[in-house]
Amino acid sequence: MNTIPDLEKEVSEYLNYFCKELPGRSVGSEGNQMATLFFREALSSMSWAVESTPLQVMDWMTEGAELTCEGHCFSIMSSPYSLGCDHDLELAAASTIEELEQGDFKNKIILLHGEIAQEQIAPKNFVFWNPEMHQRIVRALEQSGVKAIICATGRNSATTGGEYPFPLFEDGDFNIPSVFMKDVEGEKLLPFCGKKARLTSCANRFAETAYNVIGRKGRNPQKRIVITAHIDAKKGTPGAIDNATGVIVLLLLADLLKYYRGEPVIELVAFNGEDYYAVPGQMQFIADNSDTMDNIILNINIDGAGYHTGLSSFSPFNLPEPIQPIFNKLIRETPEFVEGIPWVQGDHSIFVQYGRPAIAVSSQWLIENMENQNVTHTPKDKPSIVNPQRLVEISLGLQKFIRELVLQIKS
Ligand SMILES: [Zn+2]
């Protein structure tokens, strides 16, 4: 029998492993491979049938970037997943799409600043969200003959978490080398337009393999309850609430449901790629389920859970009878859970797009401060911001919820 203190201790140990012992969990990195192996072995040891799906991905490294112009040095970083470069070329600038489309940037280095650099550009091949304006910016850059891009950016929590500056491009499918700098640094660089700039970015792409890991229990694969959490973290962050805590809930559930023998199949899915430009794990899951999406009774996705301040948030999406009343009861009977607003930046959106019912589990604080928080995707996302108690409550709550749902389906 698992006591609450036992479970809390388990949470702390897992947190320590995922966020401190592993050297990061960005897709395809060594730490990412260790994390998926750990998850796989943990589920196997609790007698889940486990499947690992290999994903061909690109990992990336930089040894830094430098920019000098007439003896002045500017502080810049290589854009994640960008190609490297070494150029000594004329500097030009654009702050709007019109300036970008009409200017002459052939064989130049372009500084993108102001309006055009307000939010991260969707990766070229990202199918879930890709505004027309972003595609137009990418097209204009690719047609311009520009040799490298310097992006001067502020903060945009809604699209990039708490990073300042944020990388305007984070796209391994976009082949113009780019770097990024703070908006205030961009203002200092702007007067040097027309002058020669020396830009070096020591970045490299290389091929790697990553894995989705799926654990299954239950008898009837025509009825599936799919519980998901992404196991990858943004490069350079410990990824505590984004999303070690989600994976920890899966691990606690694996333990709590160890003896599950119900009819619906319960799938515990560690997705690899939510915080990666090409979302490979999610794309693979969709491809593997193209004919079987309809037998998913419910998706429960955990992302951003366990923040130390505030309660846990459960956001329902298209819940049919008989799930809605069970959901209402769960919220009513658990003082630590609140019903959350529908938010879209998570893997539950995949299921919602395919018309499947879903519940997104997160932290109330994070959902309410999505637009202005400065925690996720930064080094601040570390174990000290997690309240282990919240994860135990979520796991026990979900265990109870699943038990009632399975009973309901049977009757
Ligand atoms: Zn996340």
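**Checking the labels**

Modeller: Glu51, Arg216, Arg224 and Glu267 are linked in a network of salt bridges. Before you quiz me: this is a predicted model, where local features need pLDDT of at least 70 and side-chain atom pairs count only at pLDDT 80 or more, while totals for chains, interfaces and linings use all residues. Residues are numbered from 1 along each chain as its sequence is written, and side-chain values use heavy atoms, with hydrogens and water left out.

Colleague: OK, what makes something a salt bridge? And how many turn up in the whole structure?

Modeller: You need a side-chain nitrogen of Lys or Arg within 4 Å of a carboxyl oxygen of Asp or Glu. Searching the whole structure with that rule gives 18 salt bridges. The general idea is that side chains of opposite charge can pair when their charged atoms come close.

Colleague: Why is the pair Glu263 and Lys223 called a salt bridge?

Modeller: Their closest N and O atoms are 3.7 Å apart, which is inside the cut-off, so the pair counts. It also links distant parts of the chain: Glu263 is in the loop between α7 and β10, Lys223 is in strand β9, and they are 40 residues apart.

Colleague: And are those two buried or exposed?

Modeller: Neither, really. Buried means under 20% relative accessible area, exposed means over 50%, and partly exposed is in between (1.4 Å probe, protein chains only). Glu263 has 22% and Lys223 has 28%, so both count as partly exposed.

Colleague: What about Glu185 and Lys188, how do you know that they form a salt bridge?

Modeller: The closest N and O atoms are 3.3 Å apart, so this pair passes too. Both residues lie in helix α6 (residues 183-189), three residues apart, about one turn of the helix. In general, an α-helix has 3.6 residues a turn, so residues three or four places apart point the same way.

Colleague: What is Glu185 called, buried or exposed, and what is Lys188 called?

Modeller: Glu185 has a relative accessible area of 12%, so it is buried. Lys188 has 52%, so it is exposed.

Colleague: You keep saying "helix" and "strand". What makes a stretch one or the other?

Modeller: Both are DSSP runs, numbered from the N terminus: helices are H or I with at least four residues, and strands are E with at least two. Take α2 (residues 30-45): with 16 residues, it clears the helix minimum, so it counts.

Colleague: How do you know that α2 has about the span expected of it?

Modeller: The expected span is 1.5 Å times one less than the number of residues. For α2 that comes to 22 Å, and α2 reaches 22 Å from its first C-alpha to its last, close to the expectation.

Colleague: Which residues of α2 are buried, and what puts them on the same side?

Modeller: Gly31, Asn32, Ala35, Thr36, Phe39, Ala42 and Leu43 are buried. They cover an arc of only 135 degrees around the axis, taken from the directions from the helix axis to the C-beta atoms, which puts them on the same side of α2. On the other side, Glu30, Glu41 and Ser45 are exposed.

Colleague: What makes Ala35 buried, and what does Ala35 contact?

Modeller: Ala35 sits at 0% relative accessibility, so it counts as buried. Contact means heavy atoms within 4.5 Å. Leaving aside neighbours within four places in sequence, Ala35 is in contact with Phe18, Leu22, Arg25 and Ile231.

Colleague: Last one: why are β9 and β10 called paired strands?

Modeller: Two strands pair if DSSP finds at least two bridges between them. Eight bridges join β9 to β10, so they pair, and they run parallel. Ile225 stands opposite Ile266 in β10. The chain crosses from β9 through α7 to β10, and this β-α-β crossover is right-handed (with the strands pointing away from the viewer, the path from the first strand over the helix to the second runs clockwise).

Colleague: How many bridges join β9 to β11?

Modeller: Five, and those strands also run parallel. Here Ile227 stands opposite Ile300 in β11. As for β9 (residues 220-230), eight of its 11 residues are buried, and β9 is mostly covered.
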